[in-house]
Amino acid sequence: GNIETRRIKCLVLSAKGSTKNLVSKGGKTQNISFDAGTYTMSNRPLSHLVNSLNIARDIKLQVIDETGFSGQADISLSGSTELSNLRKDLKAYGLDLQEAERDVEVFILRDNPAANIK
C-alpha cells in the first residue's frame with residue numbers, strides 16, 4: 001500500500017460571516033463528544049471539533065477544515081449529527097458545513113500481484 005492523492009467527496013467546514021461568537025472566552029479546556037447527546041467544546045482549537053465530527057458514527061464523509069480560524073474556540077451544539085441540524089447549529093458561530101470534492105491524501109491498499117503467481 002501507499003499514500004496517494006485522490007479527489008474524494010467530503011464535508012468542508014468553512015467560515016461564513018463573522019466568527020466572533022467562536023472565539024474562546026478562555027478558562028478550563030473541555031471537550032464532550034457527540035456520543036454524549038450534546039457537543040460542547042471549550043477553549044480548544046477547531047481541530048477538536050473536526051476530529052469529533054470525523055469519528056461520529058453517523059457522519060460517513062471525511063470532514064475537512066477550511067475555516068482559516070487558528071485561535072481557541074468555544075462551541076456548544078445540539079449533538080445532532082444530521083447535516084441539516086449541524087449546519088443550523090454551526091451558523092450561530094459563523095461556520096458552515098457543505099458537501100464538496102477535495103484532493104485528499106489517502107492510503108491505498110492493493111493486492112500484491114507477485115503473491116498471486118504460482
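**Two sheets, two helices and a shared core**

At 14% relative accessibility, serine 14 counts as buried, because the cut-off for burial is under 20% relative accessible area. The model is a predicted one. Serine 14 lies in strand E1, which spans residues 2-15. Leaving aside residues up to four places away in sequence, serine 14 touches Glu66, Thr67, Gly94, Leu95 and Asp96. One of these contacts, Leu95, recurs in the account of the core below.

The chain holds two helices and six strands. Read from the N terminus, the elements follow the order β-β-β-α-β-β-α-β. The radius of gyration is 17 Å, whereas a compact globule of 118 residues would have one near 13 Å. Along the principal axes, the C-alpha atoms fill a box of roughly 65 × 30 × 25 Å. Of the 118 residues, 35% are buried. Contacts between residues at least 6 apart in sequence were also sorted by separation; 72% of them join residues at least 24 apart.

The strands were then assigned to sheets. One open sheet has three strands in the order E4-E1-E6, and its pairing is mixed. Strand E4 (63-65) and E6 are the edge strands. Each has a single partner strand, so one side of each lacks a neighbour in the sheet. Direction ignored, neighbouring strands of this sheet are turned by 40 degrees against each other on average. E1 and E6 are antiparallel and are joined by 14 bridges. Within this pairing, alanine 15 has leucine 95 of E6 as its bridge partner. Helix H1 packs on this sheet and touches E1, E4 and E6. The direction of H1 makes about 170 degrees with that of E4. Helix H2 also packs on the sheet, through contacts with E1 and E6. The direction of H2 makes about 115 degrees with that of E6.

A second open sheet of three strands is ordered E2-E3-E5, with antiparallel pairing. Here the edges are E2 and E5. Each of them has a single partner strand, so one side is left without a neighbour in the sheet. The twist from one strand to the next averages 20 degrees. Three bridges connect strand E2 (residues 30-32) with strand E3 (residues 39-45), and the two run antiparallel. In this pair, isoleucine 32 is matched with threonine 40 of E3. Five bridges link E3 to strand E5 (residues 72-77), again in the antiparallel sense. Threonine 40 stands opposite serine 76 in E5. Thus threonine 40 has a bridge partner in E2 and a partner in E5. Proline 45 stands opposite glutamine 72 in E5. H1 packs on this sheet too, touching E2, E3 and E5. The direction of H1 makes about 140 degrees with that of E3.

H1 therefore touches strands of both sheets: E1, E4 and E6, and E2, E3 and E5. Which residues of H1 (residues 46-55) are buried? They are Leu46, Leu49, Val50, Ser52 and Leu53. Seen down the axis of H1, the buried residues fall within an arc of 160 degrees, so they line one face of the helix. In an α-helix there are 3.6 residues a turn, so residues three or four places apart point the same way. Asparagine 51 also belongs to H1. Its relative accessible area is 47%, so asparagine 51 is partly exposed. Asparagine 51 and isoleucine 64 lie 13 residues apart in sequence and 9.4 Å apart in space, C-alpha to C-alpha.

The largest nonpolar core has 22 residues. Leu22, Leu46, Leu49, Ile75, Leu77 and Leu95 touch the most other members. Elements giving two or more residues to this core are E1, E3, H1, E5, helix H2 (83-91) and strand E6 (95-108). H1 gives the most, with four residues. In soluble globular proteins, nonpolar side chains tend to be buried together.

Leucine 95 shows how parts of the chain meet. Not counting residues up to four places away in sequence, leucine 95 touches Leu13, Ser14, Ala15, Lys16, Thr19, Leu22, Leu46, Thr67, Ile75 and Leu90. Among these contacts are Leu22, Leu46 and Ile75, which are listed with leucine 95 as core members touching the most others. Ala15, another contact, is the bridge partner of leucine 95. Ser14 is also in contact with leucine 95, and serine 14 is buried.

Conventions:
Residues are numbered from 1 along each chain as its sequence is written. This is a predicted model: local features need pLDDT of at least 70, side-chain atom pairs count only at pLDDT 80 or more; totals for chains, interfaces and linings use all residues. Side-chain values use heavy atoms; hydrogens and water are left out. Two strands pair if DSSP finds at least two bridges between them. Buried means under 20% relative accessible area, exposed over 50%, partly exposed in between (1.4 Å probe, protein chains only). Contact means heavy atoms within 4.5 Å. The arc is that of the directions from the helix axis to the C-beta atoms. A nonpolar core is a set of buried Ala, Val, Leu, Ile, Met, Phe, Trp, Tyr and Cys residues joined through side-chain atoms within 4.5 Å. Axes are lines fitted to C-alpha atoms, for helices over the stretch in contact, and angles run from 0 to 180 degrees between N-to-C directions. The radius of gyration is taken over C-alpha atoms; the globule rule is 2.2 Å times the number of residues to the power 0.38.
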